[in-house]
Amino acid sequence: MKHEWSSRVTFVLAAVGSAVGLGNIWKFPYITGEYGGGVFILAYLFCICLIGLPIMLAEIALGRRGKQSPVNTMLQLSQEAGASTAWSILGWSGMAAGCLILSYYSVIAGEVMAYSFRASSGVFNHQTVDGIKGIFTSLVSDPEKLLAWHTIFMALTVLAVARGVKGGIEKTVTFLMPALFALLIFLVFYGMTSGGFEQAIDFMFTPDADKFFYARSELGDYLMDAEGEKVFTWKPMMVAMGHAFFTLSLGMGAIMMYGSYLNRHVSIGQMALVIVSLDTIVALLAGLAIFPLVFANGLNPAAGPGLIFETLPLAFGNMAGGTFIGTLFFVLLFFAALSSAISLIEPTVVWLIESKGLRRIKAAVWTGVGIWFVGLATIFSMAGTTIGDITENLVSWIGFSDTELKTGFFKYNLFQVIDFFTASIMLPIGGLLIALFAGWVMHQDSTEREFSFRSRYIYLVWQVMVRYVSPVLVFMVFLNIIGIFRF
Ligand code: PHE
């Protein structure tokens, strides 16, 4: 017999636990910084409402109806609807995306763990901007350290998943999520006193379309083409859309998996609304906590993945009780990351249990070991190894020694490639397929019965969204994919 969540509150907590994580607190601020603020946030909010919310409803409904891992749920639902079983590809690509995402997620979560210890030892106290930067650089340029933390985080994820979703997540999430929320609000208040708050609000909420639509160099100046015109790019739009999927855990089966443990009598619409709102609020709070510090200290908002590690410790180092508050913050962020990591790996683990007859613990260990290996790619990326460096090495190994590969594709590192490929390509395609399946393939009365909305009106709105609006939007962004190859 499949287990179910103890109550609908637990489902919301688990789904919020999956949704709220490094995506909100680590990733959202740094991509917002990288793509110029205002318009990026607008694009992201637009995607959350028009793509994220309807697909969230669809994914929960599919999961609850199928009651299995995404691969088997899709097999069953496609048979039920008399459609091709090829739809199960959705489950497969979801498992691949989940494992790839977790491979780097775990490395970053490892950095968060390292920072919990750093905060508690008081090394941030009265540090300067450069001192804090140095602490981060010394961590990421030490592969052994990153490897150790990555290993510990993967081990903890495997342990939590092996105990089963209920034992593993329910307790963690019930207390820690609200605590993280409260702490973020506190940090926003702190940001208000830092002197950079106005600039932060300006940066986050004043649209500047140029920064969003025109390509810029690492230093922040616009790239020019041969005619002296700014170079147009769709990449920020893809990243914004991809992040809407990433932050809501959509498009790879995590929410479908959690939906499968959901009791028949719960209103999916309300649940989805709560999950989406909380996730969005947390992301905006994280931005409001971090950007005031960025501007008050003259830091670069486009600093990249190190942004939170280079800003928040400055605040902790200079506030009364900062050692305690800083430690608490990173510990809570670690738990938020853990509850997301569990949902990234769960679809694969359950599939191994259902289809290969493995015991839960064995399934969790093997999946964890595989992901651990892939994580090595991110560890080397953090220390600055680019694809160009790797290729140069391979090339010199076969005898050509002075190849220089520093431009175009070669200037990226494997972390950037895995991140872009999963979040901006795999998740939106997964989401597109989920929308099309729920909107066009499943029988209307099955979806209508799953939702049992109070008014038929709401159902019709949802249907228009998953049939037309979300797919067309995702598709439009992809039609411009050619744009992204103009580096
Ligand atoms: N939503 C999580 C976050 O924002 C990441 C995640 C993505 C989790 C996809 C599960 C599936 O941190």
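**Pockets, cavities and a buried ligand**

The residues lining the second largest pocket split into 11 nonpolar, 4 polar and 1 charged. Keep in mind as you look around that this is a predicted model. The pocket in question, the second largest, has a volume of about 390 Å³. It has 16 lining residues, and those closest to its centre are Leu 57, Gly 269, Gln 270, Phe 453 and Ile 458. If you want to find the walls by helix, three elements give two or more residues to this lining: helix H3 (38-66), helix H13 (268-296) and helix H20 (456-479).

Now let's go to the enclosed spaces. The structure holds 2 cavities of 30 Å³ or more. The largest cavity comes in at about 140 Å³, and 19 residues line it, with Ser 18, Tyr 105, Phe 246, Ser 249 and Leu 344 closest to its centre. Helices H1, H2, H5 (89-121), H11 and H15 each supply at least two residues of that lining. As for chemistry, the lining of the largest cavity has 11 nonpolar residues, 8 polar ones and no charged ones.

So what sits in the largest cavity? The ligand does. There are 14 residues around the ligand, and the ones that come nearest are Ala 19, Gly 23, Tyr 105, Phe 246 and Ser 249. Tyr 105, Phe 246 and Ser 249 should ring a bell, as they are also among the residues closest to the centre of the largest cavity. The shell around the ligand draws at least two residues from each of helix H1 (8-19), helix H2 (22-34), helix H11 (235-247) and helix H15 (322-356). Sorted by type, the shell around the ligand holds 6 nonpolar and 8 polar residues, and no charged ones.

Zoom in on the ligand's own atoms and the protein backbone comes into view. One of the ligand's nitrogen atoms is 2.8 Å from a polar backbone atom of Phe 246. Over at Ser 18, a polar backbone atom is 3.2 Å from a nitrogen atom of the ligand. Ala 19 also takes part through its backbone, where a polar atom is 2.9 Å from an oxygen atom of the ligand. How much of the ligand's surface does the protein bury? Taken alone, the ligand exposes 330 Å², and the protein buries 100% of that.

One more stop: the second largest cavity, with a volume of about 50 Å³. Its lining is made up of Thr 172, Val 173, Leu 176, Met 177, Leu 180, Leu 332, Phe 335, Ala 336 and Ser 339. The elements giving two or more residues here are helix H8 (165-192) and H15. Which of them provides the largest share of the lining? That is H8, with 5 residues. By type, the lining of the second largest cavity counts 7 nonpolar, 2 polar and no charged residues.

H15 is a good helix to trace on the way out. H15 supplies at least two residues to the shell around the ligand, at least two to the lining of the largest cavity, and two or more to the lining of the second largest cavity.

Note on methods:
Residues numbered from 1 in each chain as written. Predicted model: local features only at pLDDT ≥ 70, side-chain atom pairs only at ≥ 80, totals over all residues. Heavy atoms only, no water. Near = heavy atom within 4 Å. Polar contact = N/O pair within 3.5 Å; in protein donor to acceptor, adjacent residues only side chain to side chain. Areas by Shrake-Rupley, 256 points an atom, 1.4 Å probe, with all protein chains shown as cover. 1 Å grid on protein atoms, 1.4 Å probe; cavity = no way out; pocket = protein on both sides within 12 Å on 5 of 7 lines; lining within 4 Å. Sits in = over half its atoms within 2 Å of the grid points. Helix = DSSP H or I, 4+ residues; strand = E, 2+ residues; numbered from the N terminus. Nonpolar A, V, L, I, M, F, W, Y, C, P; charged D, E, K, R; others polar. Points joined across faces, edges and corners; volume = space filled by probe spheres on them.
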